[in-house]
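Subject: Handing over a structure

Dear colleague,

I am passing this structure on to you, and I would be glad if you could look it over before reading my notes.

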Amino acid sequence: MNHKHLLSVLVENHPGILAKVAGLFSRRGFNIDSLAVGLSEQPGLSRMTIVVDGDDRMVDQVAKQLDKLIDVVHIDDFLPTQAVQRELILIKVKSTPENRPEIIQIAEIFRAKIIDVSHESLTTEITGTSDKLDAFISLLEPFGIIKIARTGAISLERN
């Protein structure tokens with residue numbers, strides 16, 4: 001049975017490692033739902049958070065292949081329920097003086113920040129779970145979404 005897996009991969013921070021990891025998934029026919037990379041708490045190492053949808057056996061195979069890469073230091077595979085997970089999105093939405101108060105009210109309900117305002121648009125920043133962000137987007141769609149930039153999931157395992 002397929003379900004979402006979060007792979008937290010600690011890698012040596014140098015050029016080409018992202019391409020190696022993405023290539024490994026591609027060669028095995030795996031689609032990456034989300035990929036976020038950033039510096040970790042350990043100097044010289046980065047943490048990749050990779051979200052994939054697959055059965056346990058397939059994900060285990062990919063994790064074992066990842067572990068064989070010289071640049072990979074450590075891998076954790078956990079289900080979304082075993083982790084604290086967040087995404088960030090910036091959304092630019094069409095805005096007029098008439099509908100601006102309604103957009104601001106929706107943003108306040110979702111605890112989004114208004115980060116830019118112009119005569120024709122309003123840009124918000126919001127963090128949260130994928131479900132929360134999807135709900136926020138769906139409420140803004142009737143106003144006319146101009147652009148969305150979405151980070152993908154980052155996560156840390158719960159203890």
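What follows is a short account of what was found in it.

Please bear in mind that this is a predicted model, in which local features need pLDDT of at least 70 and side-chain atom pairs count only at pLDDT 80 or more, while totals for chains, interfaces and linings use all residues. Residues are numbered from 1 along each chain as its sequence is written, and side-chain values use heavy atoms, with hydrogens and water left out.

The secondary structure comes to 4 helices and 9 strands (DSSP runs numbered from the N terminus, helices being H or I of at least four residues and strands E of at least two), and along the sequence these follow the pattern β-α-β-β-α-β-β-α-β-β-α-β-β. The C-alpha atoms fill a box of roughly 60 × 35 × 35 Å, taken along the principal axes. Of the 159 residues, 40% are buried, a word that stands for under 20% relative accessible area, with exposed meaning over 50% and partly exposed lying in between (1.4 Å probe, protein chains only).

One open sheet has 4 strands in the order β2-β3-β1-β4, with antiparallel pairing, where two strands count as paired if DSSP finds at least two bridges between them. Its edge strands are β2 (32–39) and β4 (72–78), each of which pairs on one side only. Strand β1 (residues 3–12) and strand β3 (residues 45–54) pair over 10 bridges in the antiparallel sense, and His-5 stands opposite Val-52 in β3. Helix α1 (residues 17–27) lies across β1, β2 and β3 and runs at about 15 degrees to β3 (axes are lines fitted to C-alpha atoms, for helices over the stretch in contact, and angles run from 0 to 180 degrees between N-to-C directions).

The largest nonpolar core has 17 residues, of which Leu-7, Val-9, Phe-25, Ile-50 and Leu-66 touch the most other members; such a core is a set of buried Ala, Val, Leu, Ile, Met, Phe, Trp, Tyr and Cys residues joined through side-chain atoms within 4.5 Å. The elements giving two or more residues to this core are β1, α1, β3, α2 (56–68) and β4. Apart from it lies another core, of 15 residues, including Ile-89, Ile-91, Phe-136 and Phe-143.

Finally, Asn-159 is found in the segment after β9 (154–157) and is exposed, with a relative accessible area of 96%.

With best wishes

Conventions. Contact = heavy atoms within 4.5 Å.
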